[in-house]
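Got the viewer open? Load both chains, pick a colouring you like, and follow along stop by stop.

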Amino acid sequence: MQPKTLFEKVWDAHVVRPETPETPAVLYVDLHLVHEVTSPQAFTLLRERGLKLRRTGRTLATMDHSIPTLPRGADGKWPFIDAMAAAQVAQMEKNCADFGVELHGLGDPAQGVVHVFGPEQGATQPGMTVVCGDSHTATHGAFGALAFGIGTSEVGHVLATQCLLQRRPKTLAVRVDGALGPGLSAKDLILAIVAKLGVGGGTGHVIEYLGPAIRALSMEGRMTLCNMSIEAGARAGMVAPDDVTFQWLAGRPRAPKGAAWEEAVAAWRKLPSDPGARYDREIVLDASALEPMITFGTNPGQGIAVTGKVPDPAAEADRQVRATLEAALRYMALTPGKPIAGQKVDVVFIGSCTNGRLEDMREAARVLKGRRVRIRTLVVPGSHAVKRAAEAEGIDRIVRDAGAEWREPGCSMCIAMNGDRLEPGQYSVSTSNRNFEGRQGPGGRTLLASPLTAAAAAVAGAVADPRRVLEGR
Amino acid sequence: MEPIKFIETKTVVLPRENVDTDQIIPARFLKVTDKKGLGKVLFCDWRYEAGGAPKPDFVLNRPEAAGCRVLVAGDNFGCGSSREHAPWALVDYGFQAVVSTRIADIFRNNALKNGLLPVVLDPESVRKLLAAPGAQVRIDVAAQTVGLPDGSSAKFPIDAFSKYCLLNGVDELGFLLDQEASIAAYEAKRP
Ligand code: SF4
């Protein structure tokens with residue numbers, strides 16, 4: 001038999017009707033995650049056409065984007081940014097009730113950012129197809145699932161038919177040799193990969209991350225990595241499941257139990273790519289050569305080492321590349337050739353579906369413990385489960401003692417829909433995934449980095465090498 | 001959806017690479033629960049001052065942009081989020097097609113479902129269009145060609161199914177609903 005990649009195995013197992021020259025494949029969806037921002041118009045479509053939700057057991061909803069990250073007021077009301085946010089949340093509650101969708105909404109102990117929530121509930125499992133009206137659905141690929149973001153029309157398609165029309169994407173192997181040095185994490189690795197591929201470099205492809213540096217990552221790290229596959233234009237990123245995956249999943253609420261668990265693990269062990277399986281493209285990186293990374297520009301591919309200098313557009317031969325770089329530096333108001341370390345920062349945001357998990361909270365606490373932040377710092381756990389676990393370890397106290405804010409779970413300043421935002425002209429160091437113009441508030445300037453680097457910026461009040469901050473230099 | 005066979009109009013040129021969905025429609029406008037009226041906030045932060053006054057040098061605010069239905073942009077248009085609000089806003093504003101050397105996957109899928117034609121051309125053809133704002137173009141969906149300002153014509157790819165849907169004004173959901181027997185058979189085989 002022809003050796004197959006992980007992607008091919010998962011794809012082939014979900015083809016309801018094969019692709020033909022005239023029609024795309026009909027692909028079955030195992031898990032459909034739903035949130036309040038990209039679903040209202042899909043439920044409207046179902047109502048207009050008189051359609052029902054096809055599979056309640058395969059549909060799971062939470063709220064994250066529009067919701068406040070401050071607790072309920074003394075009056076028992078949630079402090080929504082405006083009436084529209086409140087109305088969107090109310091609409092979500094109504095839609096889920098009307099169509100029979102299991103919702104873990106505001107105030108629910110399982111609520112969280114959708115890509116933190118799904119895995120920690122054990123809903124995301126190896127070999128599944130997972131979709132959500134959200135581009136960072138790529139996160140779930142960390143479990144060896146084929147997971148990708150869809151638009152709202154497609155959310156409607158999946159609600160009604162549990163299927164999607166898809167053309168088979170190409171495959172791209174990203175092989176990472178060596179080992180990450182101290183003070184580096186999966187975030188530094190993915191920022192380096194996106195910088196290498198460019199923001200459009202993965203378009204049309206599904207990435208599989210391979211190699212010893214990937215095997216060495218925790219599940220949290222693998223989720224951080226897969227999460228940002230979309231920042232290189234790839235709709236999905238995948239990591240083959242192994243014992244790290246199975247240990248992380250075991251005992252989670254929706255994971256199989258008892259004999260079913262044993263059976264599932266036996267099947268999951270067959271998922272990794274066969275020896276000799278072929279990819280359409282391949283790139284190789286050496287993790288040992290990396291330094292902590294930070295972005296300086298207005299797309300996630302514009303990243304450099306935290307010890308590096310802001311690139312000089314004058315050094316770019318290509319006119320279009322130069323123009324893009326110039327526009328980015330103009331928006332960011334950064335000086336070409338200047339070291340990025342020492343750049344003044346106004347706000348630090350630690351959270352999001354990229355870095356809002358327990359491991360990320362621990363990393364931030366490692367820096368914040370016994371130190372004081374010099375600037376406004378928001379630490380926002382990705383879910384209530386993360387928040388409870390972090391609080392059980394005393395992380396909330398470390399954060400508050402350092403002078404930072406310990407918030408309720410949500411997307412918060414990753415997308416700035418709920419009022420957590422930058423003022424025009426402010427700089428942030430953020431553990432989220434996008435540094436597009438105005439992403440964290442109109443006129444705001446975002447530098448993406450790891451939780452360690454973000455926490456280091458919080459205590460220094462400027463961009464700093466976390467290794468030096470930890471060493472006390 | 002209305003069938004689309006030909007698009008004949010002038011172009012608006014946005015000479016930037018990596019135009020992301022946060023620029024097409026900033027996230028603070030995603031709190032809507034319907035799709036109407038989003039054209040007002042298309043490219044909001046490039047188009048208006050913080051106080052709401054139009055920025056005179058932004059392309060859409062120039063008088064010659066009025067009535068132009070094709071947007072030509074630099075490489076990698078529509079990157080970023082999956083928000084279908086981006087094509088909703090472009091269509092509500094009046095655009096019928098977007099032309100670039102590369103268009104992000106999710107944006108392209110979303111555009112097709114809303115009758116917005118994603119047109120990917122070779123770098124040379126896009127360069128010609130970028131250099132000629134306001135050029136009259138003719139897009140022929142069936143032939144998959146764009147008539148360029150210099151009289152030449154360039155081919156663009158589109159899969160057979162999307163083309164069929166555009167030319168006939170039908171949507172994918174109908175096709176999927178017709179697959180019910182296959183879907184039920186697939187489900188019956190699985191644990
Ligand atoms: S945390 Fe940010 S990237 Fe993740 S789902 Fe929320 S808004 Fe999207």
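## Stop 1: a strand in chain B

Start by selecting Val13(B) and Val72(B): the two stand opposite each other, with Val72(B) in strand 2 of chain B. Keep in mind as you click around that this is a predicted model. Now widen the selection to strand 1 of chain B and strand 2 (residues 70-73) of chain B, which run parallel and are joined by 4 bridges.

Strand 1 (residues 6-14) of chain B has another partner to show: it pairs with strand 5 (residues 136-140) of chain B in the antiparallel sense, over 5 bridges. To find the register there, pick Lys10(B), whose bridge partner in strand 5 of chain B is Gln136(B).

## Stop 2: Asn18(B) and the other chain

Next, select Asn18(B), in the loop between strand 1 and helix 1 of chain B. Is Asn18(B) buried or exposed? Its relative accessibility is 15%, so Asn18(B) counts as buried, the cut-off being under 20%. Show what lies around it: leaving aside neighbours within four places in sequence, Asn18(B) is in contact with Asp75(B), Asn76(B) and Cys79(B), and also with Val199(A), Asn299(A) and Thr324(A) from chain A.

## Stop 3: the interface

Zoom out to see both chains. Here 52 residues of chain B are in contact with 65 residues of chain A. Between them the chains bury about 4800 Å², with 57% of that on carbon and sulfur atoms.

How many salt bridges are there between chain B and chain A? The count is 10. For one to put on screen, select Arg54(A) and Glu187(B), whose side chains meet in a salt bridge at 2.6 Å, N to O. Polar contacts between chain B and chain A come to 28 residue pairs, with both residues at pLDDT 80 or more. To see which parts of chain B give two or more residues to the side touching chain A, colour its helices; among them are helix 3 (85-93), helix 4 (105-112) and helix 8 (180-189) of chain B.

## Stop 4: strand 10 of chain A

Move over to chain A and select residues 205-210, which make up strand 10: 6 of its 6 residues are buried. Turn on the side chains. In a regular strand these alternate between the two faces of the sheet. Here His205(A), Ile207(A) and Tyr209(A) point one way, and Val206(A), Glu208(A) and Leu210(A) point the other.

Now add the partners. Strand 9 (residues 170-177) of chain A runs parallel to strand 10 of chain A, with 6 bridges joining them, and Arg175(A) stands opposite Leu210(A). Strand 11 (residues 236-238) of chain A also pairs with strand 10 of chain A in the parallel sense, over 3 bridges; look for Val206(A) opposite Ala236(A). Bring in helix 6 (residues 186-197) of chain A as well, and you have a right-handed β-α-β unit made of strand 9, helix 6 and strand 10.

While you're in chain A, select helix 8 (residues 219-227), where 9 of 9 residues are buried. Those buried residues include Glu220(A), Arg222(A) and Asn227(A).

## Last stop: Leu422(A)

Finish with Leu422(A), in the loop between strand 17 (405-406) and strand 18 (427-430) of chain A. Why does Leu422(A) count as buried? Because its relative accessibility is 0%. Beyond residues up to four places away in sequence, Leu422(A) touches residues including Val347(A), Met413(A), Gln440(A) and Arg445(A). Try the distance tool on Val348(A): Leu422(A) and Val348(A) are 74 residues apart in sequence and 9.9 Å apart in space, C-alpha to C-alpha.

Methods
Residues are numbered from 1 along each chain as its sequence is written. Chains are lettered from A and ligands numbered from 1 in the order in which they are written. This is a predicted model: local features need pLDDT of at least 70, side-chain atom pairs count only at pLDDT 80 or more; totals for chains, interfaces and linings use all residues. Side-chain values use heavy atoms; hydrogens and water are left out. Buried means under 20% relative accessible area, exposed over 50%, partly exposed in between (1.4 Å probe, protein chains only). Two strands pair if DSSP finds at least two bridges between them. A crossover is right-handed if, with the strands pointing away from the viewer, the path from the first strand over the helix to the second runs clockwise. Contact means heavy atoms within 4.5 Å. Buried area is the accessible area (1.4 Å probe) that two parts lose on being put together, summed over both. A salt bridge is a side-chain nitrogen of Lys or Arg within 4 Å of a carboxyl oxygen of Asp or Glu. A polar contact is a pair of N or O atoms within 3.5 Å; within protein, one must be able to donate a hydrogen and the other to accept it, and residues adjacent in sequence count only if both atoms are side-chain atoms.
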